[in-house]
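Student: I would like to take a close look at a single part of this protein, namely its largest pocket and the residues around it. Please set that part in the context of the whole chain.

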Amino acid sequence: FTQPTPVTVVGAQDVQKAMPATIADYLNQLPSFGSPTGSSNPGPGVAGAGLSLLNLRDLGSSRTLVMLDNRRVVNSTISGGVDTNT
């Protein structure tokens, strides 16, 4: 509640407890994530098979900032989405 913008933080312990097949499977179950975008449900401008893109608050995968160990993850697609399978 102290952040000026909405933030969703997921800890490693929460993910390990759930034991999902992929990180995208776990995150897309959270209420803050919109409809998942990937190879089974491609959105506009998404190319490539097997991508697992995140869609935080239905803003689109290109507007979702993905960080790992406090560092920004580089884009996996031309449109700016981060493939969580990598």
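Tutor: In this predicted model, 36% of the contacts between residues at least 6 apart in sequence join residues at least 24 apart. The chain has 86 residues, and 30% of them count as buried. Two helices and four strands make up its secondary structure, and from the N terminus on the order of these elements is α-α-β-β-β-β.

The largest pocket has a volume of about 950 Å³. Its lining comprises 29 residues, and those nearest its centre are Leu27, Leu65, Val66, Met67 and Leu68. Three elements each supply at least two residues of this lining: helix H1 (12-18), helix H2 (23-27) and strand E3 (67-68). Sorted by class, the lining holds 18 nonpolar, seven polar and four charged residues.

The nonpolar core may be considered next. In soluble globular proteins, nonpolar side chains tend to be buried together. The largest nonpolar core here consists of nine residues, namely Val15, Ala24, Tyr26, Leu27, Phe33, Leu54, Leu56, Val66 and Val82. Helix H2 gives the most to this core, with three residues. Leu27 and Val66 thus appear twice in this account, as members of the core and among the residues nearest the centre of the pocket. For alanine 24, another member of the core, the contacts outside its neighbours within four places in sequence are with Ser52, Leu54 and Thr84. Of these partners, Leu54 also belongs to the core.

The segment after strand E4 (71-72) completes the picture. Threonine 77 lies in this segment, and its relative accessibility is 16%, so it counts as buried, the cut-off being under 20%. The side chain of threonine 77 reaches the backbone nitrogen of glycine 81 at 2.9 Å.

Glycine 80 is found in the segment after E4 as well. Its relative accessible area is 10%, and glycine 80 is therefore buried. When residues up to four places away in sequence are not counted, glycine 80 touches Ser61, Ser62 and Asn75. Glycine 60 lies 20 residues from glycine 80 along the chain, and the C-alpha atoms of the two are separated by 9.7 Å.

Conventions. Residues numbered from 1 in each chain as written. Predicted model: local features only at pLDDT ≥ 70, side-chain atom pairs only at ≥ 80, totals over all residues. Heavy atoms only, no water. 1 Å grid on protein atoms, 1.4 Å probe; cavity = no way out; pocket = protein on both sides within 12 Å on 5 of 7 lines; lining within 4 Å. Points joined across faces, edges and corners; volume = space filled by probe spheres on them. Nonpolar A, V, L, I, M, F, W, Y, C, P; charged D, E, K, R; others polar. Buried < 20%, exposed > 50% of the residue type's maximum accessible area, 1.4 Å probe, protein only. Polar contact = N/O pair within 3.5 Å; in protein donor to acceptor, adjacent residues only side chain to side chain. Core = buried A, V, L, I, M, F, W, Y, C linked by side-chain atoms within 4.5 Å. Contact = heavy atoms within 4.5 Å.
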